[in-house]
Amino acid sequence: MIDDLPAGLRARHLTEEDHLRVLAVLDTWWGGLKGEAGAKERALLLPRLYFQHFTTTSFLVERDGGQMVAFLVGFLSQTDPETAYVHFVGVDPALHGQGIGRALYRSFFALARSHGRRYVHCITSPGNTGSQAFHARLGFTTSAVKPDYDGPGLDRVAFTIDLSED
């Protein structure tokens, strides 16, 4: 499914049974960012419906023994036939810099292209400078901070990549 992963890792599509496994790693992988409020915000961003209705456009990476090391939740826009959206991505911090995130995005890009999509969008919080740098390295353009994008006090930075420019 994803060919350019490090040895000993394999990818598959998400299933509903992965929901609690993903929620269980969020606080650790995000280093407790923003404390209890941040933990609740992250959990609310990943309700079970993503693991029920977007399984064929989302991925999970595991070690050969079954330990989860990364995931990407994405979907094809129902409104804009040229657009796909990466909703949430996580990689075990112990494996940062090994190309796993890049491999997940490349696979999502290929999937989006196969469905005739030209653009991929995603967002992050302004304080997540690691995410911003990662998306810039992948070739995404970055917006200015969008105040209250996801509600009062929930500012975001938006990213867009044009897949036709690859």
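**S4 and S5**

I started with strands S4 and S5 in this predicted model. S4 and S5 run parallel to each other and share 3 bridges. For a register check I looked up one pair: alanine 84 sits opposite valine 120 of S5. Next I asked how enclosed S4 is. Of its 9 residues 8 are buried, so S4 is largely enclosed by the rest of the structure. My cut-off for buried was under 20% relative accessible area.

**The other side of S4**

Then I went from S4 to S3. Here the pairing is antiparallel, with 7 bridges between S3 and S4. A hairpin of 6 residues makes the connection from S3 to S4. I noted two bridge partners in S4: valine 89 for leucine 72, and valine 91 for alanine 70. How many residues of S3 are buried? I got 9 of the 9, so S3 is largely enclosed by the rest of the structure.

**Back to S2**

S2 covers residues 59-63 and S3 covers residues 68-76. These two strands are antiparallel and are joined by 4 bridges. Glutamate 62 faces methionine 68 of S3. The hairpin of S2 and S3 has 4 residues between the strands, and I checked its backbone angles: glycine 66 has a positive phi near 100°.

**The whole sheet**

With those pairs in hand I wrote down the strand order. The sheet is open, has 7 strands and reads S1-S2-S3-S4-S5-S7-S6, with mixed pairing. Which strands are at the edges? They are S1 (9-13) and S6 (141-142), and each of these pairs on one side only. A reminder to myself: strands in a sheet pair through backbone hydrogen bonds, in a parallel or an antiparallel way.

**H2, buried and exposed sides**

I moved on to the helices, beginning with H2 (residues 35-44). Gly38, Ala39, Glu41 and Arg42 came out as buried. Why do I put them on the same side of H2? They span an arc of only 165° around the axis, which places them on the same side. Glu36, Ala37, Lys40 and Leu44 are exposed on the other side of H2. I then looked up what the buried residues pack against, and found helix H1 (19-29) and strand S4 (83-91).

**H1 against H2**

I keep two numbers for a packed helix pair: the angle between the axes and the distance between them. For H1 and H2, the axes come within 10 Å and cross at roughly 145°. The crossing of H1 past H2 is right-handed. On the H1 side the contact uses Leu23, Leu26 and Asp27, and on the H2 side Ala39, Arg42 and Ala43. By class, the residues of this contact are 4 nonpolar, no polar and 2 charged.

**Arginine 42 up close**

Arginine 42, in helix H2, made me look twice. Is it buried or exposed? Its relative accessible area is 6%, which makes arginine 42 buried, since the cut-off is under 20%. I listed what it touches, leaving out residues up to four places away in sequence: Leu26, Asp27, Trp30, Gly32, Leu33, Gly35 and Phe88.

**H5 over the sheet**

My last stop was H5 (residues 129-138). H5 lies across S5 (119-124) and S7 (157-162), and runs at about 15° to S7. Which residues of H5 are buried? I found Ser131, Phe134, His135 and Leu138. Their arc around the axis is only 95°, which puts them on the same side of H5. Their cover includes helix H4 (100-114), S5 and S7. The face turned away from the buried side has Thr129 and Arg137, both exposed. I also checked what comes after the helix: glycine 139 follows H5, and its phi is positive, near 105°.

Terms used. Residues are numbered from 1 along each chain as its sequence is written. This is a predicted model: local features need pLDDT of at least 70, side-chain atom pairs count only at pLDDT 80 or more; totals for chains, interfaces and linings use all residues. Side-chain values use heavy atoms; hydrogens and water are left out. Buried means under 20% relative accessible area, exposed over 50%, partly exposed in between (1.4 Å probe, protein chains only). The arc is that of the directions from the helix axis to the C-beta atoms. Contact means heavy atoms within 4.5 Å. Two strands pair if DSSP finds at least two bridges between them. Axes are lines fitted to C-alpha atoms, for helices over the stretch in contact, and angles run from 0 to 180 degrees between N-to-C directions. A crossing is left-handed if the near helix is turned anticlockwise from the far one by less than a right angle, and right-handed if clockwise. Ala, Val, Leu, Ile, Met, Phe, Trp, Tyr, Cys and Pro count as nonpolar, Asp, Glu, Lys and Arg as charged, and the others, Gly among them, as polar.
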